[in-house]
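Trainee: Got a minute to walk through this one with me? I'd like to go from the overall fold down to single side chains.

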Amino acid sequence: MWIFDRLTIRIFTIFLLTISFFLVLIITIPNLDSRNLTYLSSKEKKMGMMIANSIKNELPHIPKNKFRWWMSLIVIMDKLHYPGQFLYVVTPNDQIIASDTVNIDIVRNFNELTKSLKKPAKKIYDLQEVIGPFPLHYGDEVYHLYIIQTEINGQLQFVNFIFDNPLLLLTLTMLVSTPFLLWLSWSLAKPARKLKMAADKVARGEIQEWPELETTGSLEFKAAGMSFNHMLRELKRMQDLQQRLLSDISHELRTPLTRLKLAVSLSHLKYGETNETKRIELEANKLDSMIGDLLSLARHRYACNQVQMPCQIDKLWQTVLNNARFESEQLHKTLIISTLPSDWLLCYPESLCSALENVIRNAFRYSHQFIVVNFSVNEHQLKITIDDDGPGVANDEFKQIFRTFYRTSEARDRESGGAGLGLAIVANAVTRDHGEVYAEKSHLGGLRIVIKLPLFKNL
């Protein structure tokens, strides 16, 4: 029913059922224990009255003033009882007359319980049951007859153990209600897990709607799913606006920047090279590089025209590494590259090539002499490490350097004038391919960048 789609109704219903179950048990448990005092059935009552009447008919033949008259009564009881029965007579002064003295304590206890009863009753003691009292009129006094017999359909011992241990009974009751609680937990956990998965993907930059969130779980979760998808649509719209604004600004800045460079060139021709024109040209080149990085970041982060495809590792980065070798020769620096594996990646090749190129160029920029690029694979993952022997960064900035426009307080950025976009481009490209990138201290003394990417095994 639609009413049970509401989480509050589900919780209240299960709570109400559990409480009702407990109340029913509390009320009915005393009546379920056959060891409690209960009234006789018609058959049992008739049998007891027959024995009592038979004894009553014999009593006039026993003079009450006879010496040890009660021994004659015992003989009569032994003659009249059925097989498996023992008869006991309780006098008005609570003395018990019987040939069997083993169960006298049981009769005495049962007599105390039934003194105020107007009808015969029975009670089970272990594997025996006592029924009575049946009145016997002897002279001017009333005696009570009790019958002890074996209980054929006795209550099982483990049932008795349950009734005698309230904590165990409570545990069994909780076990009975467990399926309802598990169903409630499942109905809460399933949509919550889906919502978490969606949130995790959004955190990785995968902004896409999740229609199943609007159809899974209770009405509250469905409403939360609708709001979540609405938030994703708004994020996507704002992301598109940001991309468009960033691209427009970058392109618009290129026009006056080109004019500025042209004016500097004309100034060189007309007046010669001066310190002022050198400074203007330097700052113009920095601005041009920053605009290029901004456009690259926007293209890699938001562009939808790239296609994710399987790529063989040794072919994917071969051109990037050949260019790096050539550049290292021109800079007179030592570049060591390990053998490229032949495994496959499922990736956006253009973005991933740009990412590795950015990291290697950073290493060239900040290193003193040595750069080491190492490739290694295990069963599920490719690991790339890029080490340099430059000044490095502080340990508390290892996570910060991947943020957009973040510049370290160390000499690396002060000397290079970097804008803090290179590693942001790298982080974006790697996370798009479900990988991770982080920084740590290099064994060469500078910075180590570690890139991990999942291998593509469906080939």
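**Charges, rings and odd backbone angles**

Mentor: Let's begin with E440, which counts as partly exposed because its relative accessible area is 28%. Keep in mind that this is a predicted model.

Trainee: Which residue does E440 meet in a salt bridge?

Mentor: The closest N to O distance of that pair is 3.5 Å, and a salt bridge needs a distance within 4 Å. The partner counts as buried, with 18% relative accessibility. The side chain that E440 meets is that of R448.

Trainee: Stepping back, how many helices and strands does the protein have?

Mentor: Of the 459 residues, 39% count as buried. Among contacts between residues at least 6 apart in sequence, 63% join residues at least 24 apart. As for helices and strands, the protein has 13 helices and 13 strands.

Trainee: And what share of the exposed area do carbon and sulfur atoms supply?

Mentor: The protein exposes about 27200 Å² in total. The part supplied by carbon and sulfur atoms is 59%.

Trainee: Back to charges: which residues are linked in a network of salt bridges?

Mentor: The structure holds 10 salt bridges. In one of them, the side chains of K122 and E44 meet at 3.1 Å, N to O. K122 also forms a salt bridge with E129, with the closest N and O atoms 3.9 Å apart. The network therefore links E44, K122 and E129.

Trainee: How many residues apart in sequence are the parts that K122 and E44 tie together?

Mentor: Both K122 and E44 are buried, and E129 is buried too. K122 sits in strand β4 (residues 121-125) and E44 in helix α2 (residues 42-58), so their pair ties together parts that are 78 residues apart in sequence.

Trainee: Is D433 buried or exposed, and what is its nearest side chain of opposite charge?

Mentor: D433 is found in the loop between α13 (422-432) and β12 (436-441). D433 is buried, yet has no salt bridge. The nearest side chain of opposite charge is 6.3 Å away, while a salt bridge would need a distance within 4 Å. That side chain belongs to R432.

Trainee: Which residues does D433 touch, then, leaving out those up to four places away in sequence?

Mentor: A contact here means heavy atoms within 4.5 Å. On that basis D433 touches Q308, L346, C347, Y348, L352, L453 and P454.

Trainee: Which ring does R432 lie over?

Mentor: R432 is one of the buried residues of α13, and that helix is mostly covered, with 10 of its 11 residues buried. R432 is placed over the face of a ring, 4.0 Å from the ring centre. The ring is that of Y348.

Trainee: How many aromatic pairs does the structure hold, and why is the pair of F110 and Y146 edge-to-face?

Mentor: The structure holds two aromatic pairs. The ring centres of F110 and Y146 are 5.6 Å apart and their planes stand at 85°, so this pair is edge-to-face. The two come from distant parts of the chain, F110 in helix α4 (residues 104-114) and Y146 in strand β6 (residues 141-150), 36 residues apart. The cut-off to remember is over 60 degrees, and the planes here are at 85°.

Trainee: What is the angle between the planes of W317 and F375?

Mentor: Both W317 and F375 are buried. W317 lies in the loop between α9 (313-316) and α10 (318-331) and F375 in strand β10 (residues 370-377), so their pair ties together parts that are 58 residues apart in sequence. The ring centres are 5.9 Å apart and the pair is tilted, with an angle between the planes of 35°.

Trainee: On to the backbone: which peptide bond is cis, with omega near -5°?

Mentor: Most peptide bonds are trans. The cis one ends at a proline placed in strand β5 (residues 128-138). The bond runs from G132 to P133.

Trainee: And what is the phi of H434?

Mentor: Most residues other than glycine have a negative phi. H434 lies in the loop between α13 and β12 and is partly exposed, with a relative accessible area of 45%. H434 is not a glycine, but its phi is positive, at about 65°.

Trainee: Where does D94 lie?

Mentor: D94 has a positive phi as well, near 65°. D94 is partly exposed, with a relative accessible area of 36%. Its place is the loop between β2 (85-90) and β3 (96-97).

Note on methods: Residues are numbered from 1 along each chain as its sequence is written. This is a predicted model: local features need pLDDT of at least 70, side-chain atom pairs count only at pLDDT 80 or more; totals for chains, interfaces and linings use all residues. Side-chain values use heavy atoms; hydrogens and water are left out. Helices (H or I, at least four residues) and strands (E, at least two) are DSSP runs, numbered from the N terminus. Buried means under 20% relative accessible area, exposed over 50%, partly exposed in between (1.4 Å probe, protein chains only). Lys and Arg count as positive and Asp and Glu as negative; His and the chain ends are not counted. Rings of Phe, Tyr and Trp (its six-membered ring) pair if their centres lie within 6.5 Å; planes under 30 degrees apart count as stacked, over 60 as edge-to-face and the rest as tilted. A charge sits over a ring if NZ of Lys or CZ of Arg is within 6 Å of the ring centre and within 35 degrees of the ring normal. Accessible areas come from the Shrake-Rupley method with a 1.4 Å probe; for residues, only the protein chains shown count as cover.
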